Amino acid sequence: MPRVKNLKACTGCLRCELACSYHHTGEFSRSHSSIRVNKPLLDHDLPAQVNVLTAGQGVRPPCDLCSGQQIPFCIRFCPESVLTDESEHP
Amino acid sequence: MKETSYGYAGNILRVDLTISVCSLEKTDPYVPKFLGGRGVNQALLFKELRSGVTPFDPDNIICFGAGALVGTLVPGACRLNVDSKNVLTGGIGSGSAGGWFASELKFAGFDHIVIQGKAESPVYLWIEDDKVSIRAARDMWGGTTSETERMVKADIGQEDIQVLCIGPGGENMVKPSSIVVSGSRVVGRCGLGAVMGSKNLKAIAVKGTGSIKIKDQDRFMDAADSVSQRLRQLKGAEEMITYGTLFCSPAYNDLSALTFKNYEDDHVPDEHLRKISHEAFHGIETDRYACTACPLPCSHVYTIENGPYAGTRCHKAEANSVWNFGGRLAMDDVNGILKAQEECCQLGLDIDNTSGVIAWAIDCYQNGVISVDDTDGLALNWGDQDAIIELIRKIGYRKGFGNILAEGSLKASQIVGKGSDRYAFHIKGQDLIEGIRSMKGWALGIVVSPRGAAHTRGALATERSKWSEAESRKTFGTLTAGIATSYDDKAKALMYMEQANAVWDALGICFFTANRSNPEGVNPGELARFYTLATGIDLSEDELMKAGERLHNLEKMFNVHHAGFTRDDDYPPKRLMEEPIKSGPLKGERLLKKDWDRMLDDYYDCHNWDKQTSWPTREKLKALELDECIEMPGKKRI
């Protein structure tokens, strides 16, 4: 499962969410994604949240690390390198 | 008519606030002729607004449109366009904003929302997929834009939704008002917040759990990925990410194109500009963010550290913030500029038109046209941030002198009289904010823009970024697009950019990702390919640009029917043709009448518009398949 390595860099662009939903369904959606991004703009004391789901929640499919792809879509489409598929302790 | 099962959400939501009824239409009939976003919005406006409807008439409509590519991974596909009758000019009113609202709207199943009528008391609209409700907003009326967004979220009981709203400015039908989207992004210009206010519509909230389908999936994803990676490597991308649009102000000043003290000069003294430089803003940046699908996060959040406004957070200071507050009003303190901008954002005021009317007031005061007897006792001096912030509040609540300023500078000058129109710099009634005496193609685009003064409708940013002859030739087939002071061949380049701007707005593409100031940005050929891959509708680059031209002509015709604008309305303020720039590298430049006439003739020729009236010809409208504009019951005949 992709790991959040640099949350501070997340700009809330939702590219990872949309790319993830494309992997699962061939469509763009925020709901059919294994990732949920929340970048609160009214309350800046709150940090951004990037949650990758291992188990499905409602219609959300669990992350399968984009089986069949060389690089998971969420990592490939994140312009800020927030996510990584490297293990925490190489 | 084409099947819109790909790329588009497919539906237009229509809400009549007078009778509290919602209905659905299909997007199909408008596609691909008007593309989407601003295109379909304007088609709806043209078709449905009868002559004589005033901006605050319940019969006026206001259209919200997500661009055709919004909701996908095309870089910068995030824009929401809002179109209605312009409260300042009586012609077309049109603006757009980034953020996350437009994509959420498409995921909810709608490409557009059309609001008509007027609610009996304040309401907001709540769209949760196909469930739409009109809810009471009595308790929210009077709230600032941040307060309103919080109240809407609390009322619905969900945080993870998108909200657009107006502040007291829109409620009080202040003409320099705005609509604030996603808490931080703004549809400024044209007073569209006041149109929402006139309908008693405080906010629209949306939550979408649906999806957008793509026709040619793999090729679409590969193109989206490679274009996105290229954009990150472009010259200027790093500055855009680090500083946002603030970084371009010195370049404009080096071309004597930043107005100082309401056009007393078009060059800000270097020492003054240094105090409010992009580096100075960067020093107090506390966060940054990007709109949906954008790889170039140009939005920054600043927190004021010192002084009377310490602790204030302010979103997204733009180049305009420095031009307006730093140049035109001569404020030399970053904290003051941020506070002024944040006040505008919270009150739902457009910083361009608001600072414009304040500049008019200060100029009148400085020249003895008005006194403390007119200004509720307030002395008005250039750069006085406390007085400027006080005026912003007075405008937002229409208090005292603010009630006159809330009409915008043209109308305010008519109310005050006494020759005060000398200090009102506007085009067609909308405030001018840019220095336009030195950059001729920039000036032409701003002055002839159908929505009134606007540099976001084609004005040649190529002059600021000094395109080479080779770059100019490749894109426009001319050599001069990068030469600021040349009047030659600017019309042809402008026509290209007008079409491209219309395409960007109709597809929902942010122009900071496009080939507007950087020739290597996303070009119309690439956008045509994205459109075809996404929708399955085969559209060539030429056909896409023709759709852009069609949209530009449609807006021009809206002005003909509703505002009666002619060639006379396509001239800069007289003083900018008579008084030369006093300092800076292009000292001495002004807009010469004979050269302007020559450039204007060339521009009308390029468009095949009548040179005397400035109106599109029958032949042109026919060629653009705009038969609906040629003859309409109750409207002028071309």
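Let me begin where the two chains meet: strand 2 (residues 27-29) of chain A and strand 13 of chain B run antiparallel and are joined by three bridges, and one of the bridge pairs there is S29(A) with S211(B), the latter in strand 13 of chain B. When I say strand or helix I mean a DSSP run, numbered from the N terminus, with helices being H or I of at least four residues and strands being E of at least two, and two strands count as paired if DSSP finds at least two bridges between them. As general background, strands of a sheet pair through backbone hydrogen bonds, either parallel or antiparallel.

A word on what we are looking at: this is a predicted model, in which local features need pLDDT of at least 70 and side-chain atom pairs count only at pLDDT 80 or more, while totals for chains, interfaces and linings use all residues. Residues are numbered from 1 along each chain as its sequence is written, and chains are lettered from A and ligands numbered from 1 in the order in which they are written.

Staying with the interface, 35 residues of chain B are in contact with 25 residues of chain A, where contact means that the C-beta atoms of two residues, placed from the backbone, lie within 7 Å. On the chain B side, the elements that give two or more residues are helix 3 (145-156), strand 13 (211-213), helix 6 (217-233) and strand 14 (285-289), and helix 6 of chain B has the largest share, with five residues. That side of chain B divides into 13 nonpolar, 13 polar and nine charged residues; here Ala, Val, Leu, Ile, Met, Phe, Trp, Tyr, Cys and Pro count as nonpolar, Asp, Glu, Lys and Arg as charged, and the others, Gly among them, as polar.

Now to chain A itself, which has two helices and five strands, arranged from the N terminus on as β-α-β-β-β-α-β. Its radius of gyration is 13 Å, which agrees with the value near 12 Å for a compact globule of 90 residues; that radius is taken over C-alpha atoms, and the globule rule is 2.2 Å times the number of residues to the power 0.38. The C-alpha trace of chain A spans about 40 × 35 × 20 Å along its principal axes. Of the contacts in chain A with a separation of 6 or more, 58% are between residues 24 or more positions apart.

Of the 90 residues in chain A, 41% are buried, a residue being buried if 20 or more other C-beta atoms lie within 10 Å of its own, exposed if 12 or fewer, and partly exposed in between, again with C-beta atoms placed from the backbone. Strand 4 (residues 49-52) of chain A shows an alternation of side chains, with V50(A) and V52(A) buried and pointing to one face, while Q49(A) and N51(A) point to the other and are not buried. This strand 4 pairs with strand 3 (residues 35-38) of chain A in the antiparallel sense over four bridges, and the bridge partner of I35(A) in strand 4 of chain A is V52(A).

Turning to chain B, there is an open sheet of six strands with mixed pairing, in the order 2-1-6-3-4-5. Its edge strands, each pairing on one side only, are strand 2 (21-26) and strand 5 (92-97) of chain B. Strand 5 of chain B runs antiparallel to strand 4 (residues 80-85) of chain B, with six bridges joining them, and K85(B) has I92(B) as its bridge partner in strand 5 of chain B.

K85(B) also leads us to N60(B), which sits in the loop between helix 1 (37-48) and strand 3 (62-66) of chain B. Why does N60(B) count as buried? It is buried because 23 other C-beta atoms lie within 10 Å. Not counting residues up to four places away in sequence, N60(B) touches several residues, including S84(B), K85(B) and V195(B), and the C-alpha atoms of N60(B) and S84(B), 24 residues apart along the chain, are separated by 7.4 Å.

A second loop residue is G429(B), found between strand 17 (426-427) and strand 18 (430-431) of chain B. G429(B) counts as buried because it has 22 C-beta neighbours inside 10 Å. The C-alpha atoms of G429(B) and V87(B) are separated by 9.3 Å, although the two are 342 residues apart along the chain.
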